[in-house]
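Here is my note on the side-chain packing and pairing in this entry, set out as numbered points. Please read each point with the structure open beside it.

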Amino acid sequence: MIEVALSEDPRWQTVERILQSSSFRKAPRLSQLLCYLAEHTLLNEKDHLTEAAIALHVFGRTDRFDPAIDTIVRAQMMRLRHKLEHSATEAHPTSEHFRIVIPKGEYLVRFDAVEEAYPSPPKQPKLSESIEVPKISIPDPSLQEELRPPLEQRSQALEHWPIWRHLVLVMAIGLIAVGGFIGGVRFGRRSDGRRMSGDNNPLWNTLFLPNQKTIYIAPDTGLVLLHRLTRNNATGLSEYLHRDFKNEMRNLPEGSVADALEIADRRYTSAVDIKSVSHFSRLAISNQSTLVPLFARDVRMDDLKQANIILCGARYSNPWHELFEPELNFVGNMDMANHAYSFLNRHPNPGEPAAYVAPWTGREMLGYIALVPGLNSKGNVLIIEGSSVGGGEAAADFLFNDAQLLSFLTKLQRRDGTLPYFEVLLKSSSIDGNAGPLQILAYRIHS
C-alpha cells in the first residue's frame, strides 16, 4: 500500500501517469519494477535498492540468488530504461513537470525537472508514390516485448557476450519475419505458392486461434555446450530453472567450474529455430493469432497454462520436455557414453525396435513431432525434437511441407474432422549438413 504522503507527491503522480502509457500498460513486470524502484527512492529506503533485494521482491528469486549466474535484474533494468526513454516521447510530454531517469548502473530513480517541452520528432520524408507498400498485420509489439526473453546490453563485450548474442538472435528473428514479407512473399503463402495458413490444415487451426497467443519456447544451446563439457546430462527442469548445476558438474575439476557456469549462462539457439520462428510467425498472423517467442530459461509455469505452446529442441536443450514425457511413447535420450541420441520406444508394436538410435558421427538423423494436451488439459502443445540440429531441421521440414504434412494428418483425422493427439518419428540423412529426404519410421495416435 502506497503511503498517503507518497501518493500526493507530484513525483509519484508522474510515475502513475507513466504507468498508464501504452508502453507500460502491457508490461506488468516492468511496471512492477518501476513502482518498486520509485517507491523506495522517494521513501529514501536505499537498502531496498540492491540487486539482491530487487531479485527477491520483484522477480521472486530466493536468498540463493547469484547475480553472476542469474542476470534477470540487470536485463530487466535495461528494458526499463529503454521504455522510460520511449514513454518520454508519448502522449503530452509537455504536461509533465518531471522526467524519470534511472542512470545506468544505478537503481535509484532520478526525477529531473522539465524546463522545456520535448522537441517533436523530425518529420519523416514521404515515400515515392510510385512504390506500393503492402499493409502488414504484425502482432502487438508491446505484448511480444513483455514476453520475449529479457535482454541486456552491456559495455564490456567479453564479460557480457552471452546477452549480446541473445540480442542478435531476437533481432534476427524480427528481420527474418519482416524480411519475408517485404521481399515479395505474398501474405499467408509460401515462396513456392502453396498456402502457409491454417486453411484446411487441422494442426495449424488447433495451435493458432484468432485473437489468442501461442508461445514458442526456443531451446537453450548454452545448456547443450555444458553437457558436452561435463560429459553429463544430469540437469532436470527444477535445477535448470534455479540455475543449479552442481549435479551436472560433480565430476569436473574444481578449476573448471567457473568456466562451465559461464558457458551454461550463454544464451544461444540455432539457426534452424530462427527459421522456424519465421514460419510460425506467418502462420500466426494468417490465423489472426499472435506468436510470442520465449527463451527456455525465461519461461515460467504460468506461461504454459495460459496459451498453446510450441516446444522446440531435445530434452537436453529444453528441459520443459520433462513435464510431458510421462504420457509419450517415444522419449528422446542423449547417450553420452556411446556418443549417440536415441528415442526410446516404450511400447513397441510388432516389428519395431525398443529404441531408434542416431550416432553423432553418422549420417542418419531422427526427427520427432508430437501434439499433446497442455497442462491441466488446457490448450495444446506441439513438440518438435531432433537427434541433432539436422534432426530438428528434418522435423521442421516435415511440418512446413504442406503436401507431406496434410497427407499424414489425413490418416489421423477422426470422422468428424477433428485431429487427435499424436506422435510421429521421422528419419532423414545428412546431405552437406542439411536434412535430406524424409521417411516416417513410426507413429502413435492418442485417444
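1. Aromatic pairs come to a count of 14, in what is a predicted model. One of them joins Trp204 and Phe208 in a tilted arrangement, with the ring centres 6.2 Å apart and the planes at 45° to each other. The angle falls neither under 30 degrees nor over 60, so the pair counts as tilted and not as stacked or edge-to-face. Both residues, Trp204 and Phe208, are buried.

2. A further aromatic pair is formed by Tyr341 and Phe343, and here the geometry is edge-to-face, at 5.5 Å from centre to centre and with 70° between the planes. Tyr341 counts as buried because its relative accessible area is 1%, and Phe343 is likewise buried, with a value of 0%. These two rings also belong to a cluster in which ring pairs link Tyr316, Phe330, Tyr341, Phe343, Tyr356 and Tyr368.

3. Tyr368, a member of that ring cluster, appears again in the largest nonpolar core, which has 42 residues. Within this core, the residues that touch the most other members are Ile217, Leu304, Leu311, Trp320, Phe324, Tyr368 and Ile383. Strand E9 (residues 364-373) supplies the largest share of the core, namely four residues. As general background, nonpolar side chains tend to be buried together in soluble globular proteins.

4. Trp320 deserves a separate look. If its neighbours within four places in sequence are set aside, Trp320 is in contact with Ile217, Leu237, Leu241, Ala296, Val299, Arg300, Met301, Leu304 and Leu311. Among these contacts, Ile217, Leu304 and Leu311 are also named with Trp320 as core residues that touch the most other members. A second core, separate from this one, comprises 31 residues, including Leu33, Leu37, Phe65 and Leu80.

5. On the surface, by contrast, Ile440, Tyr443 and Ile445 make up a nonpolar patch whose accessible area is about 250 Å² for the three together. Tyr443 is located in strand E12 (residues 434-446). Which accessibility class does Tyr443 fall into? With a relative accessible area of 34%, Tyr443 is partly exposed, and since patches are made of residues with over 30%, that value is high enough for a place in the patch.

6. For the charged side chains, the count of salt bridges comes to 12. Where in the chain do the partners Arg297 and Asp220 lie? Their closest N and O atoms are 2.9 Å apart, yet the pair links distant parts of the chain, with the two positions 77 residues apart: Arg297 sits in the loop between strand E4 (290-295) and helix H14 (301-304), and Asp220 in the loop between strand E3 (213-218) and helix H10 (221-230). Arg297 and Asp220 are both buried.

7. Arg266 and Glu262 form another salt bridge, with 3.0 Å between the closest N and O atoms. Arg266 counts as partly exposed because its relative accessibility is 22%, and Glu262, at 31%, is also partly exposed. Elsewhere, salt bridges with shared partners join Asp220, Asp265 and Arg297 into one network.

8. Last among the salt bridges to note is the one in which the side chains of Arg11 and Asp9 meet, at 2.8 Å from N to O. Are these partners buried or exposed, or do they lie in between? Arg11, at a relative accessible area of 30%, is partly exposed, whereas Asp9 counts as buried at 14% relative accessibility.

Note on methods. Residues numbered from 1 in each chain as written. Predicted model: local features only at pLDDT ≥ 70, side-chain atom pairs only at ≥ 80, totals over all residues. Heavy atoms only, no water. Salt bridge = Lys/Arg side-chain N within 4 Å of Asp/Glu carboxyl O. Buried < 20%, exposed > 50% of the residue type's maximum accessible area, 1.4 Å probe, protein only. Core = buried A, V, L, I, M, F, W, Y, C linked by side-chain atoms within 4.5 Å. Contact = heavy atoms within 4.5 Å. Patch = residues over 30% accessible without salt bridge, like charges linked within 9 Å, V, L, I, M, F, W, Y side chains within 5 Å. Areas by Shrake-Rupley, 256 points an atom, 1.4 Å probe, with all protein chains shown as cover. Phe/Tyr/Trp six-rings, centres within 6.5 Å; stacked < 30°, edge-to-face > 60°.
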